[in-house]
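Trainee: Can we go through the strands in this one? I would like to know what pairs with what.

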Amino acid sequence: MELNRRTVIAGAAAAGIAASTLGTGTAQAASGGKKPVKELFGTLADGSKVYRWSLENGGTRLKVLSWGGVVQSLELPDRHGKYANVSLGFDNIADYVAKTPYFGALIGRYGNRIAKGQFTLDGKSYQLSVNDGVNSLHGGTQGFDKHIWDVEGFTSGSDVGLHLYYTSVDGEMGYPGTLKVKVTYTLNKHGDWRIDYEATTDKATVLNLTSHVYWNLAGEGSGTIENHHLTIPASRYTPTDSGLIPTGELAKVSGTPFDFRKTKPIGRDIRAGHVQQVQAKGFDHNWALDKGITAKPEHAATLHDPHSGRTLKIATDQPGLQFYTGNFLDGTLTGTGGHTYRQGDALCLETQHFPDSPNHANFPSTVLRPGQTYRTSTIHTFSA
């Protein structure tokens, strides 16, 4: 596939990137649904410019990059009104291109893993880009997180937000069909952050879009999330093999460390020694939400930090939730606040269809066909 000027291969860019980094005194969007603020964040090796958009509404401050639709920071007040950035990220574009483990990124075409990067659709076999051992992860070596998106700011009544657009050409990373994607980030007057995903295709394909924010409600770089309290309304989860590919089983959480139906500290059972935890180095699994696929977003998780008082509630229409405890953070990455990120310093709660669904007939289908429109929504509600 021929690469255009707006496409940068991470490995090549890492070797010769020219980055410009903004200081701490940057402009922010005014609250009350006023127009988002756009500013230069950095320049890629090929000369392409990456912009940062700042949104503020209802007490939530959100900064988003045109590179990968990345949430670079998300600031919330604690119970005393003190703000902190609760999302892991970098302060420069070079690190996002060369090092990021999907910090804050939009994920596509397929969130999570596909075994051996292979699937069959309508009798035809497809080989995808492989980037996680023998498997394909989060869309392959150049997933949606490694492209510049077209971004438009908007206001609508008391809402403020961004429309993000990307067209994935037929055959990109091995996926069939030209896929036109629109993602909308909205902050409402209450400070809720809503994500609406839309996509159409000209050939039958598979699709599973999600957001990969790394959360620490005490503030990024503040240390472990093991004291955070979590609730996931799911009676079953999808166990994996040693490559973190689902076996196809929908196992009961009852009597296992995977039972979060009643609120508990994340650290309570994280070292319980369950074989699934040993393989994943913690939690890195898909929970099959009891609600299943729903017509509108319904409760999928509640995360609470007792120290700051901050609470995050997630609602989605999707059937699954990937809960990941930052198991592969190893102290080699330095974040926006100047602190290094270590194992367990953040967690992800990715609303999704199940991993490797194209290879499991008993999982909800992720097939999108011409004439259909992919639509899904996730809402993040914050309080303290």
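Mentor: What follows covers the sheets, a hairpin and one threonine, all in a predicted model.

Trainee: Start with β1. In what order do the strands of its sheet come?

Mentor: The order is β1-β2-β3-β4-β5, five strands in an open sheet with antiparallel pairing. β1 (37–43) and β5 (83–85) are at the edges with a single partner strand each, so one side of each has no neighbour in the sheet. From one strand to the next, the twist averages 20°.

Trainee: How many bridges hold β1 and β2 together?

Mentor: Six, in the antiparallel sense, with β2 spanning residues 49–57. Within that pair, glutamate 39 stands opposite arginine 52 in β2.

Trainee: And the sheet with β18 in it, which strands stand at its edges?

Mentor: That one is also an open sheet, of five antiparallel strands in the order β19-β18-β21-β24-β27. The edges are β19 (251–252) and β27 (348–352); each has a single partner strand, which means one side of each is left without a neighbour in the sheet.

Trainee: What joins β18 to β21?

Mentor: Three bridges, between residues 236–238 of β18 and the antiparallel strand β21, residues 284–288. Threonine 238 faces asparagine 286 of β21 there.

Trainee: Different topic: β22. Which strand does β22 pair with over six bridges?

Mentor: β23, residues 311–316, again antiparallel. Histidine 299 has alanine 315 in β23 as its bridge partner. The two strands form a hairpin with six residues between them, and glycine 309 has a positive phi near 85° in that hairpin.

Trainee: Where does β17 come in?

Mentor: β17 (residues 229–231) runs antiparallel to β22 (residues 298–304), and three bridges join them. Leucine 230 is paired with leucine 303 of β22.

Trainee: Last one, threonine 210. Buried or exposed?

Mentor: Buried: the relative accessible area of threonine 210 is 1%, and the cut-off for buried is under 20%, so threonine 210 qualifies. Threonine 210 belongs to strand β16, residues 210–212.

Trainee: What is around threonine 210, leaving aside neighbours within four places in sequence?

Mentor: Threonine 210 is in contact with Ala105, Leu106, Ile107, Gly111, Tyr197, Glu350 and Thr351.

Trainee: How far is the backbone oxygen of threonine 351 from the side chain of threonine 210?

Mentor: That oxygen lies 2.7 Å from a polar atom of the threonine 210 side chain.

Conventions: Residues are numbered from 1 along each chain as its sequence is written. This is a predicted model: local features need pLDDT of at least 70, side-chain atom pairs count only at pLDDT 80 or more; totals for chains, interfaces and linings use all residues. Side-chain values use heavy atoms; hydrogens and water are left out. Two strands pair if DSSP finds at least two bridges between them. Helices (H or I, at least four residues) and strands (E, at least two) are DSSP runs, numbered from the N terminus. Buried means under 20% relative accessible area, exposed over 50%, partly exposed in between (1.4 Å probe, protein chains only). A polar contact is a pair of N or O atoms within 3.5 Å; within protein, one must be able to donate a hydrogen and the other to accept it, and residues adjacent in sequence count only if both atoms are side-chain atoms. Contact means heavy atoms within 4.5 Å. Axes are lines fitted to C-alpha atoms, for helices over the stretch in contact, and angles run from 0 to 180 degrees between N-to-C directions.
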